[in-house]
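Subject: A structure to look at

Hello,

I am handing over a structure that I have been going through, and I would like you to have it open while you read. My notes come after it.

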Amino acid sequence: MKKNKFPTFFVFIILLTILVGFFDYQPIWSKIRSKINLPEGFNRDWRLGLDLVGGSLLTYDINLNQVSATDRNSVVNGLRDVLEKRVNLFGVSEPLVYITETGGLQRLVVELAGIKDIEQAIKMIGETPLLDFREVEEIPTTGDKDKKELAFTPTALTGRYVKNAQLGFDDFGKPTVSIAFNDEGAKIFEELTDRNIGKYLAIFLDNEPIEIPVVREKISGGEAIISGNLTTDSARQFVERFNAGALPAPIKLVSQQTIGASLGMDSLRKTISASIFGFALVALFMVIYYRGFGLIAVLALTIYSILTLGIFKLIPVTLTLAGIAGFILSVGMAVDANVLIFARMKEELKKGLSKTAAIEEGFRRAWPSIRDSNITTIIIAVILFYLATSFVKGFALTLFIGVMMSMFSAIVVTKSLLEVFVRDTKKN
């Protein structure tokens, strides 16, 4: 029973690898896709980042004049998150939004990879609404105590805390916008209304007051209704824009740089050439040093590479130079796993064990080292993905997927191939 199991699994892996290889190679896959009706998830093209496919790089100044010094880092990070969300909406292959600082001045940089209508993208980013709530103080005008004017004091409650918005109508049929804040925003809103009972609280949109209601009571639950001077169209537009993310501070486009696709493709060609050359050198080393075992390792690494690239394309993962670097590093991890296994097997063969027994014992002894090293790398990749910027996230994601697949390749694929091709020459 055991002997029949592995040839069946081997045939399955080979057929799967051939199919995924067609999926990976875009010219062939495009022809297959045009002839058969495939599910939407399989109608994939490779998604490449700005550094490979070209695109535009936008730099924005941030106006933090109305933001307290203690809140500035939080506001800037909120801006970055909102712009990433906005960029996602108009189909950029990988929204890369990060913060730069020069001479104490912070700026936001947005990379738009492969986007066709750059002007529309700029317009959509610029049109993101700036919503904030301001406390109101009545002060007498100069020379006339009976006439008063309003002074507005910015608060911590801004559009960055908006969870969602809905269009509605009041009892008179006038359009309103109902805004729900997230948990943090709801807490700020409750505190703000609590200390302003009986006072005005102004709602500003794009630095213009649209409503200055009187707070009648403390409002819990994190919901506010904006009426003001809204038309149905403007209210609907506000809802769409709020749901896409409202900016916590104003931004201004100060630089636009276009990166040609030819430069990106040149980088891609060089990266592919370097990857193939490196893989060939590793394969040569494995064959020279481990001979027959080395050939099996090369086959396993080839299967690993094809299947991993297939996963990248299916998800899909946007490949940048950093992402490709993460994949190449994971290939190194896969090679390392095979080296550990074969080193243990050679030790067992020197002890006089049969090849079949040496395979079992070699994998058993190598597994703890493979497991520990890969788990350490996986933990680091997860930390990088959740705490780093988008650029590093691409590296972390491909590294994570690659390492997970390398463990599968070493423990399942390599072992299965060895048990198919390696036979004891002596019978007990």
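Below is what I found, starting with the whole chain and then moving to single places.

**The model as a whole**

Please keep in mind that this is a predicted model. The mean pLDDT of the protein is 82, and 87% of the residues reach at least 70. Among the elements, helix α6 (residues 183-194) has the highest mean pLDDT, at 92, while helix α5 (residues 118-126) has the lowest, at 73. Residues 1-5 are a stretch to treat with care: the pLDDT there is below 50, and beyond near neighbours in sequence the stretch has one contact in the model.

The secondary structure consists of twelve helices and eleven strands. Of the 428 residues, 42% are buried. If you take the contacts with a separation of 6 or more, 69% of them are between residues 24 or more positions apart.

**The largest pocket**

Where should you look for the largest pocket? Its centre has Ile272, Ser275, Ile276, Leu309 and Phe327 as the closest of the 27 residues that line it. The pocket holds about 840 Å³ of space. Two or more lining residues come from each of α1 (2-24), α2 (26-35), α8 (261-290), α9 (292-314) and α10 (321-350). With nine residues, α8 gives the most to the lining. By type, the lining has 18 nonpolar residues, eight polar ones and one charged one.

**From α8 to α10**

This part of the chain has several details to look at in turn. Arg291 sits in the loop between α8 and α9. Its phi is near 55°, a positive value in a residue other than glycine. Is Arg291 buried or exposed? Its relative accessible area is 62%, and exposed means over 50%, so Arg291 counts as exposed.

Ser305 belongs to helix α9. With a relative accessible area of 12%, under the 20% cut-off, Ser305 is buried. Leaving out residues up to four places away in sequence, Ser305 touches Phe279, Phe327 and Val331.

In the loop between α9 and α10 you will find Pro316. The peptide bond that joins Ile315 and Pro316 is cis, with omega about -5°.

How far apart are the end C-alpha atoms of α10? They are 44 Å apart, and this agrees with the expected span, because 30 residues at 1.5 Å a residue should also give 44 Å. Just after α10 comes Gly352, with a positive phi of about 100°.

**Residues that meet others from elsewhere in the chain**

Four more residues may help you find your way around the fold.

- Phe133 is part of strand β4 (residues 131-141). Its relative accessibility is 1%, so Phe133 counts as buried. Outside its neighbours within four places in sequence, Phe133 is in contact with residues including Pro154, Leu157, Phe181, Phe189 and Ala224. Thr155 is another of these contacts; Phe133 and Thr155 are 22 residues apart in sequence, with 6.1 Å between their C-alpha atoms.
- Asn207 is in the loop between β8 (201-205) and β9 (208-211). It is partly exposed, at 35% relative accessible area. Not counting residues up to four places away in sequence, Asn207 touches Gln66, Leu130, Arg134 and Pro250. Asn207 and Leu130 lie 77 residues apart along the chain, and their C-alpha atoms are separated by 7.1 Å.
- Gln237 lies in helix α7 (residues 232-244). At 35% relative accessibility, Gln237 is partly exposed. Leu167 is 70 residues away from Gln237 along the chain, and the two C-alpha atoms are 9.4 Å apart.
- Gly394 is in helix α12 (residues 390-421). Its relative accessible area is 6%, so Gly394 is buried. Gly394 and Leu319 are 75 residues apart in sequence, yet 7.4 Å apart in space, C-alpha to C-alpha.

If you want a place to begin, try the pocket, with Ile272 and Phe327 among the residues closest to its centre. From Phe327 you can go on to Ser305, which touches it.

Best wishes

Key
Residues are numbered from 1 along each chain as its sequence is written. This is a predicted model: local features need pLDDT of at least 70, side-chain atom pairs count only at pLDDT 80 or more; totals for chains, interfaces and linings use all residues. Side-chain values use heavy atoms; hydrogens and water are left out. On a 1 Å grid over the protein atoms alone, a cavity is a set of points where a 1.4 Å probe fits but cannot get out, and a pocket is an open set with protein on both sides within 12 Å along at least five of seven lines; lining residues have an atom within 4 Å of a point. Grid points are joined across faces, edges and corners, and a volume is the space filled by probe spheres set on the points. Helices (H or I, at least four residues) and strands (E, at least two) are DSSP runs, numbered from the N terminus. Ala, Val, Leu, Ile, Met, Phe, Trp, Tyr, Cys and Pro count as nonpolar, Asp, Glu, Lys and Arg as charged, and the others, Gly among them, as polar. pLDDT is the predictor's confidence in each residue, from 0 to 100. Contact means heavy atoms within 4.5 Å. The expected span of a helix is 1.5 Å times one less than its number of residues. Buried means under 20% relative accessible area, exposed over 50%, partly exposed in between (1.4 Å probe, protein chains only).
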